[in-house]
Amino acid sequence: RGIWVGVGLPSYSSPTSVFVSKNGGLNWNCNSIGSSSYSSSGSNQPIGKVAYGSGRFLLLSSDTSYYSNDGEEWTEFYYDSPIWTDCSSSGSSSSCYNGELRGDVSYRNGHFIAVGKGIHHSKDGIEWTNTGDNGSYDAVAFGGDLMVAVSRDGNVVRSSNGNEWIESSHALTGLDEIDVTYGESGFLISGIDYGTNSYETTDDTCHLATSSDGISWQSRSFT
């Protein structure tokens, strides 16, 4: 459609920022949704995850959700999203401002899939079904007829229908910023081992694993 949507960070006094481009990313407008009040349970991570499908944009977060047909006018709706804010990295028992937003949402083949604390699926992005999977996941991707969700703990699940998921594993554990994507050769999982330095990434700290079927995974090195 040529419409791109991105989300910004929450602030202490500003509403949620949503960035919209209607010419393929060349020019952008910043729109505000939600209230301008800031909660101590908020986060300095992006306020949510965005996906497009079934004729609408969907923005899911740990505490509120929105949908939009054009990226400009947003409607809030209640949904107990599996996406959550991990406060363990906040360094404070009373604030989650430095908490990490974990989970993901994606769309393909008539299905929205939301992952985080469990896996949910939906055909329209409004009415959701909990699959009953109680695992914790950080990212989800579609490839061919498969959906694959992965976690930083090494767990991988795959599904062909969004409702029934089969478990396997990958070799990348204990990493940050775990993600999964799909290309011509199959699925790719990436992650970063920051160690004691959270500001520098090298070939030694970046890790990859690939799979052609979402079942068997092989670690890859940089050359």
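Select Lys22 to begin: with a relative accessibility of 47%, Lys22 counts as partly exposed. Keep in mind as you go that this is a predicted model. Now add Glu72 to the selection; the two side chains meet in a salt bridge, at 3.5 Å from N to O. The pair links distant parts of the chain, 50 residues apart. Lys22 sits in the loop between S2 and strand S3 (29-33), while Glu72 belongs to the loop between strand S6 (65-68) and strand S7 (75-77). Glu72 has a relative accessible area of 33%, so Glu72 is partly exposed too.

How many salt bridges does a search of the whole structure find? The count is 2, and your next stop is the pair Arg152 and Asp138, whose closest N and O atoms are 3.4 Å apart. Arg152 is in the loop between strand S15 (146-150) and strand S16 (155-159), and Asp138 is in the loop between strand S13 (129-130) and strand S14 (139-143), so this bridge ties together parts that are 14 residues apart in sequence. Are these two residues buried or exposed? Both Arg152 and Asp138 are buried.

Stay with Arg152 and bring up Leu175, since the two are in contact. Leaving aside neighbours within four places in sequence, Leu175 also touches Gly191, Ile192, Asp193 and His207. You will find Leu175 in the loop between strand S17 (166-169) and strand S18 (176-183). Its relative accessibility is 5%, under the 20% cut-off, and therefore Leu175 counts as buried. For a distance to draw in the viewer, try Leu175 to Cys206: C-alpha to C-alpha they are 9.1 Å apart, with their positions 31 residues apart in sequence.

Next, go to Ser122 in strand S12 (residues 118-122). At 2% relative accessibility, Ser122 is buried. Zoom in on its side chain, where a polar atom lies 2.7 Å from the backbone nitrogen of Gly125. A polar atom of the Ser122 side chain also lies 2.7 Å from the backbone oxygen of Glu127. Show the contacts of Ser122 beyond four places in sequence, and Gly110, His111, Phe112, Glu127 and Trp128 come into view.

For the last stop, switch to a surface display and select Trp4, Phe19 and Trp28. Together these residues make a nonpolar surface patch of about 320 Å². Phe19 is in strand S2 (residues 16-21), and its relative accessible area of 32% makes Phe19 partly exposed.

Technical notes. Residues are numbered from 1 along each chain as its sequence is written. This is a predicted model: local features need pLDDT of at least 70, side-chain atom pairs count only at pLDDT 80 or more; totals for chains, interfaces and linings use all residues. Side-chain values use heavy atoms; hydrogens and water are left out. Helices (H or I, at least four residues) and strands (E, at least two) are DSSP runs, numbered from the N terminus. Buried means under 20% relative accessible area, exposed over 50%, partly exposed in between (1.4 Å probe, protein chains only). Contact means heavy atoms within 4.5 Å. Patches are made of residues with over 30% relative accessible area and no salt bridge: like charges are joined within 9 Å, nonpolar side chains (Val, Leu, Ile, Met, Phe, Trp, Tyr) within 5 Å. Accessible areas come from the Shrake-Rupley method with a 1.4 Å probe; for residues, only the protein chains shown count as cover. A salt bridge is a side-chain nitrogen of Lys or Arg within 4 Å of a carboxyl oxygen of Asp or Glu. A polar contact is a pair of N or O atoms within 3.5 Å; within protein, one must be able to donate a hydrogen and the other to accept it, and residues adjacent in sequence count only if both atoms are side-chain atoms.
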